[in-house]
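Reader: Hi! I have this model open and would love a close look at one part of it. Could you walk me through a single helix from end to end?

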Amino acid sequence: MNKKYQNFLKMVIYQIYPRSFRDSNGDGIGDINGVIEKLDYLKELGVNAIWMCPCYKSPNDDNGYDISDYCDIMDEFGTMEDIKRLISELHSREMKLIMDFVPNHTSTSHKWFQESRKSKDNPYSDYYYWFDEPQNDWESAFSGSAWEYDEMRGQYYLHSYAVSQADLNWDNPAVVKEMQGVIDFWINLGVDGFRCDVIDQISKDWEQNQNMFGPRLHEYIHALFGREEVAHLFTIGECWCQDIEELYKHTAFERGELSTVFQFNHMECGRESKFVPKTPDLREVRDIVIDWETLCEEHNLLYTLFTDNHDQPQFLSRVTGYSKLRYEAATMLAAMFYLLKGVSVIYQGQELGMTAAHYDAIEDFDDIESINYYQELLKTMSPKEALEGINFGSRDNTRHPMCWDDSEYGGFSDVKPWIAVHSEVKTQNLKTDLASEKSVFRFYQKLLKLRASSDAILSGSLQVLSKKEDRFFVYVREADGEKILVICNFEEPSEILVEDVIGTLLLSNYRERKEVSGLYAPYETAVFELK
């Protein structure tokens with residue numbers, strides 16, 4: 001594997017939703033200075049990079065993913081001086097900053113759109129998709145038609161998401177140049193990489209009638225990141241690559257596109273659809289992860305290890321239910337994922353074992369997708385039934401304020417936050433976790449320290465010892481004579497036999513085990529160095 005990619009395997013990225021991380025100035029909204037306050041906490045956890053969700057100028061119709069100025073900071077979050085100080089503080093701790101880059105669409109408040117809608121001969125006229133009539137029956141990801149009529153222009157424009165998020169026309173070379181300029185602006189400030197939001201949608205496939213993976217997609221990605229001056233960046237794409245061929249096109253080192261992408265297949269486990277649950281089966285999660293891990297190794301590609309993000313309710317709740325064994329389930333999942341080979345990404349609160357929240361009123365939700373879907377559900381079910389679906393699937397589950405302590409507002413702020421505090425703030429918070437003998441944070445801390453110190457875990461081979469029918473996951477990581485055995489039992493007690501091995505226990509979430517083989521409790525995990 002390329003040396004640069006080898007270094008990326010050492011990355012432990014912590015995703016921050018800045019609006020909900022820490023309020024430093026008492027306005028109920030998280031901000032950049034709040035992030036700076038907590039950098040030592042993240043360093044102590046074992047993190048060496050942060051990914052910041054959008055903090056650019058925005059009307060906030062979609063919580064910052066509707067950008068009105070790519071080269072300035074949202075007023076609520078701070079100033080450009082604050083972001084420069086964040087970069088400096090990160091680098092002084094040998095940590096990196098990964099910015100969220102949103103190339104598919106802008107806010108309709110953006111100067112480009114405001115100019116574009118004025119007339120067909122405006123210099124910005126072709127920055128967006130304009131037609132006299134809708135070109136197809138595409139639906140917005142947030143419900144309703146993806147086409148909106150604009151009175152000023154007298155035409156329809158495409159919006160794959162909210163009406164106020166107009167899709168950029170990347171077939172216009174001026175748009176490509178503008179977006180290259182955005183990348184260069186942030187590189188010059190010292191940013192170390194980008195997470196690229198729905199980047200697979202920047203080229204439309206009109207012939208196949210799909211809003212992604214268009215014929216010029218890789219040309220456009222290469223135009224952004226195939227340039228020599230940005231070759232050092234770490235880039236990770238939000239791309240729905242469903243096969244190894246497409247993954248290779250996106251991430252093979254020699255192609256000069258992305259460093260890696262998020263593979264989302266395992267995120268569908270535990271649900272029929274986004275707002276409809278189904279009985280979870282951790283074997284399904286295990287098998288999907290094994291398949292992609294193996295494929296990436298065979299094709300010399302980087303895999304991404306993650307369970308949570310700002311668009312999904314907590315994975316812990318979805319795949320283990322609301323288990324009384326929250327500590328055990330959270331730590332087992334951590335070992336299951338983060339002792340594999342790949343770039344590690346942790347979402348804020350995940351290191352505390354946060355579960356999904358639950359509310360009795362739609363007014364406790366802010367997410368535009370959830371609110372729109374709630375109105376759709378009311379057409380066929382009662383408000384109570386509709387709210388259950390929203391509680392299960394809402395993106396707000398992971399957007400509630402970070403719970404630093406058990407106070408009224410969770411230590412996030414001294415005033416009422418912009419969105420309801422997590423419903424379990426009294427029991428699920430950093431202060432309570434650290435005071436417990438069963439601390440999820442301390443387990444993560446030990447796990448990440450082990451990961452950083454082991455060549456076998458960072459870059460070794462993978463040998464899976466468990467079978468598909470087993471309700472557990474047993475695997476060995478090996479490099480240069482170092483062998484690490486990882487045992488992750490699922491929801492039922494299991495007798496696990498690993499023949500002909502003698503191991504020294506390195507990490508466990510239950511008790512000090514002297515023998516590798518034996519009876520494993522529900523969600524028990526144990527890590528051994530084999531002799």
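Author: Happy to; here is a walk along helix H6, from its start to the residue that follows it. Please keep in mind that this is a predicted model.

H6 runs over residues 173-189, which makes 17 residues. From its first C-alpha to its last it spans 25 Å, close to the 24 Å expected at 1.5 Å a residue.

Let us begin at the start of the helix. There, Asn172 brings a side-chain oxygen to within 3.0 Å of the backbone nitrogen of Ala174. You can find this contact by centring your view on Asn172 and Ala174.

Next, turn to the sides of the helix. Which residues of H6 are buried? They are Val175, Val176, Met179, Gln180, Val182, Ile183, Trp186 and Ile187. These residues lie on the same side of H6, because they cover an arc of only 150 degrees around the axis. Gln180 and Trp186 are among these buried residues, along with Val175 and Ile187.

Now look at the face turned away from that buried side. Pro173, Lys177 and Asn188 sit there, and these residues are exposed. For the accessible area, exposed stands for a relative value over 50%, while buried stands for one under 20%.

Finally, the far end. After H6 comes Gly190, and its phi is positive, near 110 degrees. So much for the walk: a side-chain oxygen of Asn172 at the start, a buried side, an exposed set on the face turned away from it, and Gly190 following the helix.

Technical notes
Residues are numbered from 1 along each chain as its sequence is written. This is a predicted model: local features need pLDDT of at least 70, side-chain atom pairs count only at pLDDT 80 or more; totals for chains, interfaces and linings use all residues. Side-chain values use heavy atoms; hydrogens and water are left out. Helices (H or I, at least four residues) and strands (E, at least two) are DSSP runs, numbered from the N terminus. The expected span of a helix is 1.5 Å times one less than its number of residues. Buried means under 20% relative accessible area, exposed over 50%, partly exposed in between (1.4 Å probe, protein chains only). The arc is that of the directions from the helix axis to the C-beta atoms. A polar contact is a pair of N or O atoms within 3.5 Å; within protein, one must be able to donate a hydrogen and the other to accept it, and residues adjacent in sequence count only if both atoms are side-chain atoms.
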